[in-house]
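Thanks for coming. I have one chain to go through today, and I will take it piece by piece.

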Amino acid sequence: MAWFLGLGIAGIVVLALSLVLDGVLEGLFDGLGVLDGLLDGVLSLPVVAGFVSMLGFVGALALGTTGLGAGAAAAAGTLAGLAAGWLTWRLCRALRHGQTAATPQGDDLLGTAGSVVTAIPADGYGEVLLRLAGQPVKLAAKGEVPLERGTEVWVAATLSPTSVAVRPVER
């Protein structure tokens, strides 16, 4: 039983190291020819760690709770390890290939409505509150005319990543 528990604990340690070191351990095997590309998929460290952990823990459980011998316990652990490895591979693949929304760019601000939160003088900067991708964003703003606090504005141009040119909304 000590062998099975040792395998289970070793798998957990390898999994923790692969999460903490995030690819450093996999980088040790780069350039080995035959293994190129395999470590990114089926033989990645999380998959191997999941397999070894389940082999060890299920093997120890089967050996300790049933009257089966070490061979049957190893077979049960191998089946559980294969299932855990496959599930880990599928989860890692789904996380790696998941799509994210496009990151908003400066041009996405053009035409956005907002309101002045700090008055904008004729020749200086104030602040406006806009909504970008559903989130409130407070930016420095410059206008052609002085704008009082609370004035509704449209973004006319993006001056920098943190400032915009605005004009009042005319109704």
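Before the first residue, one cut-off: a residue counts as buried when its relative accessible area is under 20%, as exposed when that area is over 50%, and as partly exposed in between. Keep in mind that what you are looking at is a predicted model.

So, the overall layout. The protein chain has four helices and five strands. Reading from the N terminus, the order is α-α-α-α-β-β-β-β-β. The chain has 171 residues, and 26% of them count as buried. If you take the contacts between residues at least 6 apart in sequence, 48% of these join residues at least 24 apart.

I will start with the helices. Is Ser53, in helix 3, buried or exposed? Ser53 has a relative accessible area of 7%, and because that is under the 20% cut-off, Ser53 is buried. Setting aside residues up to four places away in sequence, what does Ser53 touch? The list is Leu7, Gly8, Gly11 and Ile12. Leu7, Gly8, Gly11 and Ile12 are among the helix 1 residues that meet helix 3.

That brings us to the packing of these two helices. Helix 1, residues 2-21, packs against helix 3 at an angle of about 155°, and the axes are 7 Å apart. An angle over 145 degrees counts as roughly antiparallel, and helix 1 and helix 3 are therefore roughly antiparallel to each other. The crossing of helix 1 past helix 3 is left-handed. On the helix 1 side, the contact includes Phe4, Leu5, Ile9 and Leu15; on the helix 3 side, it includes Ala49, Val52, Gly56 and Leu63. By type, the residues of this contact are 15 nonpolar, six polar and no charged.

Helix 3 also packs on helix 4. Here the helices are residues 45-65 and residues 70-96, the angle is about 150°, and the axes are 7 Å apart. That angle makes helix 3 roughly antiparallel to helix 4. The crossing of helix 3 past helix 4 is right-handed. The residues of this contact are 17 nonpolar, seven polar and no charged.

Now the strands. Which residues make up the largest nonpolar core? There are 12: Leu109, Val116, Ile120, Val128, Leu130, Leu139, Ala141, Leu147, Val153, Val155, Val164 and Val166. Strand 2 (125-132), strand 3 (135-143), strand 4 (152-160) and strand 5 (163-168) each give two or more residues to this core.

Take Leu139 as one member of that core. Beyond its neighbours within four places in sequence, Leu139 is in contact with Leu109, Gly126, Glu127, Val128, Leu130, Pro161, Thr162 and Val164.

Two more residues from the strands, and then I am done. Pro136 lies in strand 3. Apart from neighbours within four places in sequence, Pro136 contacts Leu129, Leu130 and Arg131. From Pro136 to Gly114 there are 22 residues in sequence and 9.5 Å in space, C-alpha to C-alpha.

Ala156 is in strand 4. With a relative accessible area of 46%, Ala156 is partly exposed. Its contacts, again without neighbours within four places in sequence, are Leu110, Ala165 and Val166. Of these, Val166 is a member of the largest nonpolar core. Ala156 and Lys142 are 14 residues apart in sequence, with their C-alpha atoms 10.0 Å apart.

That is what I have for today.

Key: Residues are numbered from 1 along each chain as its sequence is written. This is a predicted model: local features need pLDDT of at least 70, side-chain atom pairs count only at pLDDT 80 or more; totals for chains, interfaces and linings use all residues. Side-chain values use heavy atoms; hydrogens and water are left out. Axes are lines fitted to C-alpha atoms, for helices over the stretch in contact, and angles run from 0 to 180 degrees between N-to-C directions. Angles under 35 degrees count as roughly parallel, over 145 as roughly antiparallel, 65 to 115 as roughly perpendicular and the rest as oblique. A crossing is left-handed if the near helix is turned anticlockwise from the far one by less than a right angle, and right-handed if clockwise. Ala, Val, Leu, Ile, Met, Phe, Trp, Tyr, Cys and Pro count as nonpolar, Asp, Glu, Lys and Arg as charged, and the others, Gly among them, as polar. A nonpolar core is a set of buried Ala, Val, Leu, Ile, Met, Phe, Trp, Tyr and Cys residues joined through side-chain atoms within 4.5 Å. Buried means under 20% relative accessible area, exposed over 50%, partly exposed in between (1.4 Å probe, protein chains only). Contact means heavy atoms within 4.5 Å.
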